[in-house]
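Me: I am new to this one. Could you show me the structure and let me ask how its labels were reached?

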Amino acid sequence: MCFAVWTLFSILGIEIKDDFALSDTQLGLLMATPVLTGSISRLFLGVLTDRFGGRWVFSLLMLCTAACVYLLTFANSYPMLLVGALGVGLAGGSFIVGVAYTSAWFDKEHQGTALGIFGAGNVGAAVTNFGAPFLLMAMGWQGTALAYATILAITGVLFLILAKDDPLADQRNATSVSFAEQMAPLADIRVWRFSLYYFFVFGAFVALALWLPHFLIEVYGLSLAEAGFVAALYTIPASLFRILGGWMSDRYGARRVMYWTFIVSALCCFLLSYPPTDYIVQGVHGPVSFSFTIPLAGFIVLTMVLGFFMSLGKAAVFKHIPVYYPKNVGIVGGMVGMVGGLGGFFLPLTFGMLNDVIGIWQSCFMLLFVIVAAALIWMHYAILKAERIEARDRCESTDLPELSTPSRFVLTEWHPEDESFWESTGKRIASRNLWISIPCLLLAFSVWMVWSVVVAKLPLVGFDYTPNQLFWLAALPGLSGATFRVFYSFMVPIFGGRRFTAISTLSLMLPAAWIGFAVQNPETPYLVMAILALLCGFGGGNFASSMANISFFYPKREKGKALAMNAGLGNLGVSVMQFLVPLVISLGTFAAFTGDGQSTSTGGELWLQNAGFVWVPFIALATVAAWFGMNDIASAKSSFAEQAVIFKRKHNWLMCVLYTGTFGSFIGFSAAFPLLTNTQFPAVDALKFAFLGPLVGALSRAWSGGLSDRFGGARVTFWTFMVMIVGVVGVMFSLANKDASWGFTGFFAAFMLLFLATGVGNASTFQMIPSIFRHEVARLMPQLSADEQLAHAERESAATIGFTSAIAAYGAFFIPKSFGTSIDMTGGVGAALIGFIVFYTACSALTWFYYSRKGAEIRL
């Protein structure tokens with residue numbers, strides 16, 4: 001029942017599209033929105049099921065979802081439909097509740113079969129594809145939704161009455177498990193590997209279940225009822241044969257089943273991706289012409305085969321979870337299910353966008369072929385490596401060590417404070433890691449801040465957004481980037497600096513490439529653009545992990561300079577982006593690769609897609625360099641629990657405030673400066689010189705690291721805030737006289753002073769952190785030896801560096817949003833600027849009181 005409700009928009013969407021005059025992209029977003037809720041909710045529902053049991057969670061979930069489906073019938077606009085679709089998506093989270101509830105009743109020899117039988121509930125998608133068209137024709141889309149809501153509510157009540165508490169209920173009630181203990185398995189790389197597999201076998205299943213009726217109507221000219229029937233032929237085997245997949249995984253092993261799944265799926269996707277084509281061959285007696293197309297019968301057979309093997313793969317993935325994580329089925333299964341479900345969200349959305357941009361219906365299967373081929377190659381490499389380890393150790397590997405770090409990349413002995421070691425070995429290795437880290441971080445900043453330029457050009461190419469909507473797009477990458485930093489702060493000691501730098505750099509490929517497609521179509525919904533802006537936050541998150549990683553490589557006497565170089569030249573990515581993007585979007589040189597340009601309202605032409613595509617090859621090169629050129633430090637390994645001690649340290653929170661004043665200002669002003677200049681001085685083309693501010697800030701950070709090492713970070717930080725107050729006063733004075741001949745010159749000079757001061761302050765605050773924690777650890781843990789105190793101080797300072805950078809990065813959201821809100825409420829930016837002065841005054845007082853005055857708690 002839950003799966004029937006979850007995929008309801010695959011049928012309702014056909015009539016809704018006509019009623020609301022939706023584009024393919026809008027329809028794809030509407031179909032994908034329930035999948036987003038169903039995916040993300042799985043993680044939280046898994047936690048709740050582990051804690052409270054499946055009987056109550058499952059019942060209440062069905063009742064809540066039924067209420068959301070009922071409320072959907074009152075929608076009278078596209079935004080209201082999207083809100084209703086978010087509620088309907090809760091039905092998709094039910095899967096992980098059922099997995100945790102069902103697995104508790106069976107031993108591991110039979111869990112694969114049991115979960116395969118339970119997973120056959122996916123057939124609910126086929127019930128919708130087959131039965132909903134008839135309800136739709138008889139009752140309309142509102143009547144159909146009402147019928148589904150009623151049946152789901154009855155099912156929820158019956159389950160609560162008839163089901164029993166699972167066998168682990170007494171154990172849960174007897175033992176209290178902390179939230180940290182529940183979340184601990186997510187640090188295991190195995191969980192993330194299962195998640196990636198499930199992205200294809202489940203995410204693609206959901207995506208095609210949603211997309212096939214629309215595809216069949218448009219490509220093969222079927223009626224709605226016929227399209228629903230054919231789609232059911234795909235979804236039924238993709239559901240029912242999950243039972244067989246569970247039995248086969250118990251009998252033959254999940255590894256073998258995954259091989260079969262990926263090989264056959266790759267073959268089916270390749271054939272389905274071939275569009276109808278006319279060929280003309282120059283023969284002996286003249287041109288010979290022929291055509292190739294997949295008839296409807298062949299299409300049905302291929303999709304049925306694809307659905308069958310996807311069902312085997314879904315069962316094989318979930319066979320592992322209760323075996324490896326018997327006490328954490330909910331949280332682990334929730335994460336795997338969430339990532340798989342996100343495939344069901346992003347893929348239909350991308351299908352519609354590919355149709356709008358490329359114009360080939362089979363492009364959806366082209367994308368699936370790329371995904372499954374990459375998964376097959378990666379899995380084969382992993383299994384070969386596992387078999388070599390099994391042969392060497394004469395034992396069966398319980399996990400595929402495909403992401404384990406080869407010994408040549410691990411530094412088992414690392415003593416940078418030993419001067420002889422540093423000069424003979426350490427300095428060379430540290431420098432290599434630093435100079436690979438810098439371009440990776442530069443690219444991260446470039447992708448993170450790319451919206452600061454793109455938003456200024458969107459209205460020119462036909463995007464009808466209000467000024468406040470544009471400020472939101474400029475601010476959202478800052479919001480998500482800061483949030484990602486909170487998690488990225490702790491990743492290096494858990495996963496290793498080399499591995500995480502490569503993976504986090506590769507993640508930039510998603511927003512960069514997707515922006516290139518999205519900006520080519522002015523009909524792209526604002527919500528899609530907002531999602532893309534949030535995804536650019538991947539770049540913002542990288543800073544926390546990059547700085548934490550580099551801090552482990554250098555001795556105390558050189559940390560300030562090294563961190564300043566990494567951060568300063570990395571921050572230079574903002575300036576590089578603001579210089580390069582305006583250049584490449586004005587050139588059609590790469591049109592053969594990136595597509596035609598867009599006509600502007602002024603009669604010119606822009607290739608706005610180049611703002612995203614230009615970074616793709618550099619991201620690929622940087623990822624390879626990080627994977628093969630960097631190192632992990634064995635002594636830097638620590639768990640989240642060991643790092644989480646910083647939350648008890650007062651100076652961690654004080655440094656969060658100070659670094660928000662310096663870096664938060666740098667990144668916030670970088671994001672807001674181009675748009676602010678456009679609003680206050682409309683006659684000036686801000687993009688011609690906007691890059692100069694971040695350039696000054698980045699170079700001053702790289703240059704001033706040694707200054708803090710020499711004169712003390714606290715003293716430099718104090719005077720930095722004094723200068724920043726002067727800079728803000730200068731901006732206010734210039735804006736008050738902006739109609740004067742010198743108004744813009746004064747405004748620009750004051751902002752350059754602000755950027756210069758933020759760069760110096762960025763370096764000085766980071767230089768303070770290692771020194772602070774060496775004092776603190778020695779005071780709090782006097783019983784430890786000097787080496788043990790140093791190791792603790794290194795871990796805590798690295799975690800603090802990452803965490804403070806996470807908190808400070810919210811400046812990229814709050815500063816642009818402060819300007820936008822101030823303009824909306826007062827008609828000017830004066831209120832925001834006064835708030836900045838008050839904050840900088842508080843920061844200077846904290847620096848003086850705790851770190852620079854005589855008798856300070858820690859005098860630096």
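Here are some questions and answers about the labels.

Reply: Happy to help! This is a predicted model, in which local features need pLDDT of at least 70, side-chain atom pairs count only at pLDDT 80 or more, and totals for chains, interfaces and linings use all residues. Residues are numbered from 1 along each chain as its sequence is written, and side-chain values use heavy atoms, with hydrogens and water left out.

Me: Why is Phe669 called buried?

Reply: Buried means under 20% relative accessible area, exposed over 50%, and partly exposed in between (1.4 Å probe, protein chains only). Phe669 has 1% relative accessibility, so the label is buried. Phe836, at 10%, is therefore buried too.

Me: And why is Leu63 called partly exposed?

Reply: Its relative accessible area is 31%, so Leu63 falls in between those two limits.

Me: What makes Phe669 and Phe836 an edge-to-face pair?

Reply: Rings of Phe, Tyr and Trp (its six-membered ring) pair if their centres lie within 6.5 Å; planes under 30 degrees apart count as stacked, over 60 as edge-to-face and the rest as tilted. Here the centres are 5.9 Å apart with 75° between the planes, so the pair is edge-to-face. Phe669 lies in helix α33 and Phe836 in helix α39, so the pair ties together parts 167 residues apart in sequence.

Me: How do you know that the charge of Lys314 sits over the ring of Phe205?

Reply: The rule asks for NZ of Lys or CZ of Arg within 6 Å of the ring centre and within 35 degrees of the ring normal. The charged end of Lys314 is 3.6 Å from the centre of the Phe205 ring and is listed as sitting over that ring.

Methods. Helices (H or I, at least four residues) and strands (E, at least two) are DSSP runs, numbered from the N terminus.
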